[in-house]
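Thanks for sharing this one. Here are my notes, set out as numbered points so that you can follow them with the structure open beside you.

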Amino acid sequence: MAQNLFEGTEKQMADLLRCIDEHKGEAGALMPVLHEAQDIYGYLPAEVQTVIADGLGLPLAEVYGVATFYSQFSLTPKGKHRISVCLGTACYVKGSDKILEAIEKELRVSCGENTPDNKFSIESCRCVGACGLAPVMIVDGEVYGKLTAKEVPAILDKYMKD
Amino acid sequence: MTCEELKKISAEKADLINVRRIVREQAEKLAANTGYRKQVLVCGGTGCTSSNSLKVIQQLEESFKELGIDDVIIVKTGCFGLCALGPIMIVYPEGAFYSQMTPEHVKTVAEKHLIKGGEIVKELLYADTVHKDGSVIPFAEIPFYKHQMRIALRNCGVIAAESIEEAIAAGDYSALVKVLTEMTPDDVVAEIKASGLRGRGGAGFPTGLKWQFTKEAAGDVKYVCCNADEGDPGAFMDRSVLEGDPHTVLEAMTIAGYTVGANEGYIYVRAEYPIAVQRLNIAIKQAREYGLLGKNILGSGFDFDIHIRLGAGAFVCGEETALMASIEGKRGEPRPRPPFSAQCGLFKKPTVLNNVETWANIAPIILKGSKWFSSIGTEKSKGTKVFAVGGKIHNVGLVEVPMGTPLKTIIYDIGGGIPGGKRFKAAQTGGPSGGCIPATHIDIAMDFDNLVAIGSMMGSGGLIVMDEETCMVDIAKFYLEFTADESCGKCAPCRIGTKRLLDLLTKITEGKGEPEDLDKIMKLAKHMKSSSLCALGQSAPNPILSAMEHFGDEYMKHIYAKQCPSGVCKSLLNYYIDADKCRGCTLCKRNCPANAISGDVKSPHVIDKTKCIKCGQCIAHCRFGAINKK
């Protein structure tokens with residue numbers, strides 16, 4: 001974990017405290033706060049969870065329990081470019097597993113991992129609702145639809161360069 | 001706002017919406033009243049946005065500026081249903097249906113059609129809307145739309161999804177007016193009960209009863225919840241309603257609040273649906289501004305407000321007790337029932353929870369009456385059902401049909417059949433909790449009870465079509481991977497059962513299956529069904545059981561003959577080189593990572609099966625199509 005030492009800016013901390021303040025006392029405040037905290041930091045390191053626990057007056061164990069329950073909350077940082085391959089049923093029957101394989105081969109890391117330079121992270125998701133375009137992959141929010149495995153290297157190439 | 005002010009907005013804008021709803025000749029006359037010569041509707045749903053519909057809107061705006069067009073309105077709507085052909089653009093009053101639009105196409109349409117005295121650009125229309133003799137067929141009459149009946153989706157793709165005034169003009173909130181001014185809570189319960197509406201989220205529980213139980217439950221504080229955690233992969237009905245007509249959900253929840261005696265509501269929506277979340281936020285803000293949410297709604301003295309809570313990627317949160325735990329800010333784990341939500345739900349208060357599509361049916365029932373609604377559908381399944389049709393089918397998209405519509409009609413008439421002339425093998429409904437409908441049952445009338453009778457279920461409405469290239473063992477394994485991954489782990493039957501079922505299926509797909517594995521699956525499935533805490537575990541074995549029932553021979557072939565008839569399960573395939581086609585170019589030999597291919601230059605090569613790792617590299621590199629697998 002040495003390379004993942006947590007470093008936050010003062011602005012990030014100010015944003016987090018403001019968000020905690022806004023939701024404090026609200027019923028079921030933890031989920032919205034975790035969502036916003038992840039937007040601010042990109043992930044939920046132990047340090048951030050501690051601030052949230054103190055701010056909302058909850059045991060740290062409870063915050064950790066919720067943060068680890070939901071697949072969208074991440075306790076480790078993601079790559080600069082986030083690749084997500086839909087493995088929902090509509091995409092799967094149209095061969096999205098082969099798209100994922102092609103990406104893994106191209107970047108030489110497995111689904112759920114970051115490339116060593118932290119440029120890319122690969123994850124799978126279940127249905128973004130673009131079933132009409134199956135199979136799809138999403139890079140930094142942009143949807144690439146009706147894909148074939150052959151098109152993958154060219155798409156990744158665009159992001160390699162910057 | 002008062003009821004009169006609401007009616008005024010509705011009357012002022014009525015013609016604007018009507019132009020989009022009636023036949024061409026009348027629409028052309030009406031258009032004169034609207035102040036707009038033409039209206040261009042562009043789909044801004046997730047499907048079309050993903051295929052770049054926002055660029056279509058941008059190009060329209062630019063072209064209008066260049067050409068000096070200032071009497072044509074651009075309307076960003078929700079989903080038209082035909083997602084495979086996106087981005088879609090419809091021009092009224094003609095009802096011209098343009099599909100797969102690029103900015104270049106838009107330019108052409110603007111220059112040739114949208115300018116004064118312009119004509120429809122037939123080459124760019126969706127091919128099915130052009131008759132052989134060159135005449136344009138109104139899109140409502142093409143097979144995809146002709147067999148549909150839109151109740152829940154009535155406003156989707158018709159109104160600007162971010163405009164409350166268009167929603168009001170299209171009829172939203174008039175049911176709320178009727179309820180607040182003419183009906184008692186008991187009248188509402190009676191009307192919903194008489195309509196026969198059943199929950200569209202999967203289980204099909206009568207909605208009216210749910211409301212009655214919550215209404216009769218003791219307590220001052222009660223809640224209304226909307227389940228928009230559409231987790232079934234391949235299903236996007238609820239998302240489309242939220243993106244296309246968010247106000248109908250707010251209106252229906254307010255009606256339920258009045259009926260059961262609640263003043264607060266929560267919508268639990270997937271964070272994976274950013275457009276739906278954004279439209280909901282806009283809709284709630286507008287409704288508050290117009291006094292349709294908040295204190296003293298429409299001068300009735302009734303207070304009601306709605307909050308949004310985002311999910312965070314847990315399938316189990318579609319289960320009602322887990323969903324409520326998640327809104328409370330806890331881990332989304334289900335709890336045993338009873339007590340039921342109607343007595344002890346969100347924050348331990350009586351709560352009525354319905355799914356998005358169910359909410360979308362409420363206003364039409366109030367306005368048109370339970371008699372009208374119950375005249376549609378089958379004996380025990382009233383009204384319509386929205387299906388998200390996907391997989392191996394031409395017209396991937398969103399379809400709303402009366403309950404009882406034959407599967408055949410959905411797949412062939414509406415869906416346009418299977419691409420590539422392939423054979424229909426099965427359709428999967430109910431997602432990871434459901435089962436498959438084999439080709440022998442293609443005439444089945446789709447309703448709640450018929451589907452259960454053949455071992456599947458309605459589920460929320462995902463309908464995935466599979467052709468002969470889909471392996472039924474592999475697809476069952478796919479669903480088990482999903483449920484094993486999504487099991488929350490609270491109860492042992494589900495946590496361990498899903499994992500063990502997955503192990504057994506993996507074994508079979510790897511060619512290591514033994515005859516007794518089938519008995520083990522049956523036994524395990526029985527225990528999981530009877531002893532899991534919630535529906536996730538109880539229904540997790542369904543995809544396997546139904547596949548074993550209808551495609552037992554496929555399982556046998558995997559186990560006894562070590563063959564995968566559909567050519568999907570890698571470990572069961574053998575690669576071989578066709579000596580007649582092989583030119584001996586050595587490309588496959590050089591690219592084989594396992595050194596399994598041998599042969600001299602310019603003479604046919606052979607694959608050593610004992611060395612082959614079945615990676616498929618040889619097929620990918622062969623230029624002569626000489627390598628096959630079976």
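**Notes on the two-chain model**

1. Pro87(B) sits in the loop that links β2 to β3 (89-92) of chain B. Its peptide bond with the preceding Gly86(B) is cis, with omega near -5°. Please keep in mind throughout that this is a predicted model. A cis peptide bond also joins Tyr92(B) and Pro93(B), where omega is about 10°. Pro93(B) belongs to the loop between β3 and β4 of chain B.

2. The strands around those prolines are worth a look. Chain B has an open, four-stranded sheet in the order β2-β1-β3-β4, and its pairing is mixed. At the edges are β2 (72-77) and β4 (96-98) of chain B, each of which pairs on one side only. On average, neighbouring strands here are turned by 20° against each other, direction ignored. Within the sheet, β1 (residues 38-43) of chain B runs parallel to β2(B), and six bridges join the two. If you would like a residue pair to click on, Leu41(B) stands opposite Val75(B) in β2(B).

3. A second open sheet of chain B also has four strands, ordered β7-β6-β5-β8, with parallel pairing. Its edge strands are β7 and β8 of chain B, and each pairs on one side only. Neighbouring strands of this sheet are turned by 20° on average, again with direction ignored. β5 (residues 223-228) of chain B pairs with β8(B) in the parallel sense over five bridges. Here Asn227(B) has Asn355(B), in β8(B), as its bridge partner.

4. The loop between α14 and β8 (351-355) of chain B holds Pro339(B). Is Pro339(B) buried or partly exposed? Pro339(B) is partly exposed, because 14 other C-beta atoms lie within 10 Å. From Arg288(B), Pro339(B) is 51 residues away in sequence and 34 Å away in space, C-alpha to C-alpha. Lys348(B) lies in the loop between α14 and β8 of chain B as well, and its phi is near 65°, a positive value in a residue other than glycine. Lys348(B) has 13 other C-beta atoms within 10 Å, so Lys348(B) counts as partly exposed.

5. Now to the interior. The largest nonpolar core has 223 residues, and those with the most contacts inside it are Met89(B), Val249(B), Ile255(B) and Ala427(B). Beyond its neighbours within four places in sequence, Ile255(B) is in contact with Ala175(B), Leu176(B), Val179(B), Val188(B), Ile362(B) and Ile366(B). Apart from the largest core lies another, of 11 residues, including Cys592(B), Cys618(B), Cys622(B) and Ala626(B). Such grouping fits a wider tendency: in soluble globular proteins, nonpolar side chains tend to be buried together.

6. Helix α8 (residues 174-182) of chain B gives a closer view of the packing. Ala175(B), Leu176(B), Val177(B) and Val179(B) are buried in helix α8 of chain B. The cover over the buried residues of α8(B) includes α1 (3-18), α9 (185-195), α12 (246-260) and α15 (356-368) of chain B.

7. How is chain B divided into domains? Chain B has domain 1 (36-139), domain 2 (164-374), domain 3 (384-470), domain 4 (473-561) and domain 5 (574-629). Taken over C-alpha atoms, the centres of domain 2 and domain 5 of chain B are separated by 60 Å.

8. Chain A has seven helices and four strands, in the sequence pattern α-α-α-α-β-α-α-β-β-β-α. Chain A is divided into domain 1 (2-69) and domain 2 (81-160), and the C-alpha centres of these two domains of chain A lie 29 Å apart. Of the 162 residues in chain A, 34% are buried.

9. One backbone detail in chain A deserves a check by eye. Arg108(A) is not a glycine, yet it has a positive phi of about 60°. Arg108(A) lies in the loop between α6 (96-107) and β2 (120-125) of chain A. With 9 other C-beta atoms within 10 Å, Arg108(A) is exposed.

10. Finally, the interface: 40 residues of chain B are in contact with 30 residues of chain A. On the chain B side, the elements that give two or more residues are α3 (46-50), β7 (305-310), α14 (320-327), β9 (384-391) and β13 (462-467) of chain B. By class, this side of chain B has 16 nonpolar, 17 polar and seven charged residues.

Methods
Residues numbered from 1 in each chain as written. Chains lettered and ligands numbered in written order. Predicted model: local features only at pLDDT ≥ 70, side-chain atom pairs only at ≥ 80, totals over all residues. Contact = placed C-beta atoms within 7 Å. Nonpolar A, V, L, I, M, F, W, Y, C, P; charged D, E, K, R; others polar. Core = buried A, V, L, I, M, F, W, Y, C linked by C-beta atoms within 7 Å. Buried ≥ 20, exposed ≤ 12 C-beta atoms within 10 Å, placed from the backbone. Domains from an automatic or database assignment. Pairing = 2+ DSSP bridges. Axes fitted to C-alpha atoms, helices over the stretch in contact; angles between N-to-C directions.
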